Amino acid sequence: MKKLDKREKTMNLFLKDKKSIYAIADGKTFPIEEVKDEVFSSKMMGDGIAFELMDNKIYSPGNGIIQVVFPDGHAIGLKRKDGAEFLIHIGFNVCDLKGKGFYPKVKVGQKVKSGDLLVELSREELKEIDLTTVLIFMNFNPVKKKINSEVIANQTLVAEGS
């Protein structure tokens with residue numbers, strides 16, 4: 001994956017607005033309908049984007065306030081100033097781990113900016129786990145999504161609102 005140069009990063013800063021959602025991790029995106037968990041693939045919780053992770057870090061997709069950090073660290077909820085809410089859910093069948101391998105870096109009520117580190121993962125502790133990660137748009141209606149693409153955390157625009 002190509003990292004952006006300084007000029008491209010500067011241009012992205014001007015493009016970042018309240019309707020833009022950025023990649024939460026380095027990796028590859030794919031349609032949420034292809035996720036192996038019916039709760040997410042059926043969009044019961046909302047539309048979204050799935051990520052195949054290439055790194056061990058999860059970042060904020062935009063500016064907002066942390067609304068929830070699951071006790072075991074595998075899920076984080078974020079709310080933007082405009083009321084849009086997002087849920088990041090990392091991996092499947094992880095509840096039995098009781099937090100092993102998930103190291104949250106934020107707390108409920110904390111303000112975050114696009115690209116702030118939310119969670120670090122231990123690949124060694126999670127080597128037997130499907131780490132498919134989903135970014136769910138709880139009440140945000142994307143008009144455009146970037147799927148089936150390689151993405152770079154906080155650099156690649158993955159969704160835009162109307």
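# Notebook: aromatic cluster, strand pairing and two buried residues

I began with the aromatic rings and counted 4 aromatic pairs in the structure, keeping in mind that this is a predicted model. I looked up F86 and F137, whose ring centres are 6.0 Å apart with planes at 90°, so I entered the pair as edge-to-face. This pair joins distant parts of the chain, since F86 belongs to strand β7 and F137 to strand β11, with 51 residues separating them. I then checked accessibility and found that both F86 and F137 are buried.

I went on to F86 and F140, where the ring centres lie 5.4 Å apart and the planes meet at 55°, so this pair is tilted. Here too distant parts of the chain are linked, F86 in strand β7 with F140 in the loop between β11 and β12 (142-145), 54 residues apart. F86 and F140 are both buried, and I noted that F86, F137 and F140 make up one aromatic cluster.

**Strand β7 and its partners**

With F86 placed in β7, I turned to the strand itself and asked how many of the residues of β7 are buried. For residues 85-90 I found 5 of the 6 buried, so the strand is largely enclosed by the rest of the structure.

I followed the pairing of β7 to strand β6 (residues 75-79), to which it is joined by 5 bridges in an antiparallel arrangement; within this pairing, K79 has E85 of β7 as its bridge partner. The two strands, β6 and β7, form a hairpin with 5 residues between them, and in the turn I noted G83, which has a positive phi of about 95°.

I also traced the pairing of β7 with strand β11 (residues 133-137), which is antiparallel and runs over 5 bridges. In this pairing I recorded L135 of β11 as the bridge partner of I88.

**V134 in β11**

Staying with strand β11, I looked up V134, which has its place there, and asked whether this residue is buried or exposed. Its relative accessible area is 0%, so V134 is buried. I listed its contacts, leaving aside neighbours within four places in sequence, and found I32, V35, F40, I49, A50, L87, I88 and H89. For F40, which is 94 residues from V134 along the chain, I noted a separation of 8.0 Å between the C-alpha atoms.

**The sheet β1-β14-β12**

I next examined an open sheet of 3 strands, ordered β1-β14-β12, in which the pairing is antiparallel. β1 (20-22) and β12 stand at its edges with a single partner strand each, so one side of each has no neighbour in the sheet. Ignoring direction, I recorded that neighbouring strands here are turned by 20° against each other on average. Between β12 and strand β14 (residues 157-161) I found 3 bridges, with the strands antiparallel, and I noted that P142 has G161 of β14 as its bridge partner.

**T29 in β2**

My last entry concerns T29, which has its place in strand β2 (residues 27-31) and is buried, with a relative accessible area of 0%. Which backbone oxygen lies 3.0 Å from a polar atom of the side chain of T29? I found that it is the backbone oxygen of K146. Not counting residues up to four places away in sequence, T29 touches I49, A50, F51, K146, I147, N148, S149, V151 and V158. Comparing the two contact lists, I noted I49 and A50 in the list for V134 and again in the list for T29.

How values were computed:
Residues numbered from 1 in each chain as written. Predicted model: local features only at pLDDT ≥ 70, side-chain atom pairs only at ≥ 80, totals over all residues. Heavy atoms only, no water. Buried < 20%, exposed > 50% of the residue type's maximum accessible area, 1.4 Å probe, protein only. Helix = DSSP H or I, 4+ residues; strand = E, 2+ residues; numbered from the N terminus. Pairing = 2+ DSSP bridges. Phe/Tyr/Trp six-rings, centres within 6.5 Å; stacked < 30°, edge-to-face > 60°. Axes fitted to C-alpha atoms, helices over the stretch in contact; angles between N-to-C directions. Contact = heavy atoms within 4.5 Å. Polar contact = N/O pair within 3.5 Å; in protein donor to acceptor, adjacent residues only side chain to side chain.
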